[in-house]
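Me: Could you take one part of this model and give it a close look, then show me how the rest is arranged around it? A leisurely walk is fine, as long as you stay with the coordinates.

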Amino acid sequence: MKPVSAENCQAISFHLNGRSLSVAVDAEARLVEVLRDHIEETGTKVGCSIGRCGACTVLIDGLASNACLAFAWQVAGREVITIEGVAMLSAATEVQAGLLEESAFQCGYCAPGFVMALTGFLSRNPQADDDEVIAALEGNICRCTGYASIVRGALNAAARVRGASAP
């Protein structure tokens, strides 16, 4: 845990993965730093730190967001879901199964970001068509796979979510 100077300390209270918590952090701390360094939930990865790779994707009030671009104070009073808590969302099981079935990832570093982006999107839009699913992943980068397996996995996941949400 990083030390916080008293003059720059700010208490932030928010909901993380279904539980309420409060943490004292530097007033300028980014959410990704709070999650990894203060709360020790390291499933949210740091890639580019400028919002271009999606490795740090979390859900803030259900919307996929780059934790590297959000300041901790911006989540005060809000619900944050990370890869550690994604199972609380019904679409997550189908997303993870769809990606796994297609062996979507190689090294896996980008996997949490893709899972979070896809789960957030399909939770809000379970009937999304293939083009919408692919567009929902545009903010996530993988440096290993060439994307074909990720796209197959995402489309598989979307079909699973559509099937699970059918009457």
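Reply: Happy to. One cut-off first: contact means heavy atoms within 4.5 Å. Please keep in mind that this is a predicted model.

Let's start at L35, which is found in helix α1. L35 has a relative accessible area of 0%, so it is buried. Leaving aside its neighbours within four places in sequence, its contacts are L16, E40, E41, T44, V58, A67 and T82. L35 is one of the buried residues of α1, along with L31, V32, V34 and H38. A general point helps in reading such a list: an α-helix has 3.6 residues a turn, so residues three or four places apart point the same way. The buried residues of α1 pack against β1, β2, β3 and β5 (79–81). Just past the helix comes E40, which follows α1 and has a positive phi, near 65°; E40 is also among the contacts of L35.

Another partner of L35 deserves a stop of its own. T44 sits in the loop between α1 (31–38) and β3 (57–60). Its relative accessibility is 2%, so T44 counts as buried even though it is in a loop. Beyond four places in sequence, T44 touches V32, L35 and R36, then A55, C56, V58 and A67, and finally T82, I83 and E84. V58, A67 and T82 therefore appear in the contact lists of both L35 and T44, with contact meaning heavy atoms within 4.5 Å.

Staying in α1, move to L31. Its contacts outside the four-place window are V58, I60, A67, A70, F71, A72, V75 and V80. L31 also belongs to the largest nonpolar core, which has 21 residues; F14, L31 and V80 have the most contacts inside that core. At least two of its residues come from each of β1 (9–16), β2 (19–26), α1 and β3, and α1 gives the largest share, four residues. A second, separate core has 20 residues, and A91, A117, F121 and A158 are included in it.

F71, one of the contacts of L31, leads to the aromatic residues. The structure holds two aromatic pairs. In one of them, the ring centres of F71 and W73 are 6.2 Å apart and the planes stand at 10°, so this pair is stacked. F71 is partly exposed at a relative accessible area of 34%, and W73 is partly exposed at 45%. The other pair is F105 with F114: the centres are 5.7 Å apart and the planes stand at 50°, which makes the pair tilted. F114 counts as buried, with a relative accessibility of 2%.

F114 now brings us to the helices beyond α1. The axes of α3 (residues 111–124) and α5 (residues 148–165) come within 11 Å and cross at roughly 30°, and the crossing is right-handed. From α3, the contact uses F114, L118 and L122; from α5, it uses I150, A154, A157, A158 and V161. Sorted by class, these residues are eight nonpolar, with no polar and no charged ones.

Helix α5 also packs against α2 (residues 90–101), at an angle of about 145° and with the axes 7 Å apart. This crossing, too, is right-handed. On the α2 side the contact takes in A91, E94, V95, A97, G98, L99 and E101, and these meet I150, G153, A154, N156, A157, R160, V161 and A164 of α5. The class count for α2 with α5 is nine nonpolar, three polar and three charged residues. A159 is in α5 as well; at 39% relative accessible area, A159 is partly exposed. Its C-alpha atom is 9.4 Å from that of V95, although the two are 64 residues apart along the chain.

Two last distances give a sense of scale. From L35 to D130, C-alpha to C-alpha, is 32 Å, with their positions 95 residues apart in sequence. S103, in the loop between α2 and α3, counts as exposed at 54% relative accessibility. The C-alpha atoms of S103 and I134 are separated by 17 Å, at 31 residues apart along the chain.

Definitions and conventions: Residues numbered from 1 in each chain as written. Predicted model: local features only at pLDDT ≥ 70, side-chain atom pairs only at ≥ 80, totals over all residues. Heavy atoms only, no water. Axes fitted to C-alpha atoms, helices over the stretch in contact; angles between N-to-C directions. Left-handed = near helix turned anticlockwise from the far one by under 90°. Nonpolar A, V, L, I, M, F, W, Y, C, P; charged D, E, K, R; others polar. Phe/Tyr/Trp six-rings, centres within 6.5 Å; stacked < 30°, edge-to-face > 60°. Buried < 20%, exposed > 50% of the residue type's maximum accessible area, 1.4 Å probe, protein only. Core = buried A, V, L, I, M, F, W, Y, C linked by side-chain atoms within 4.5 Å.
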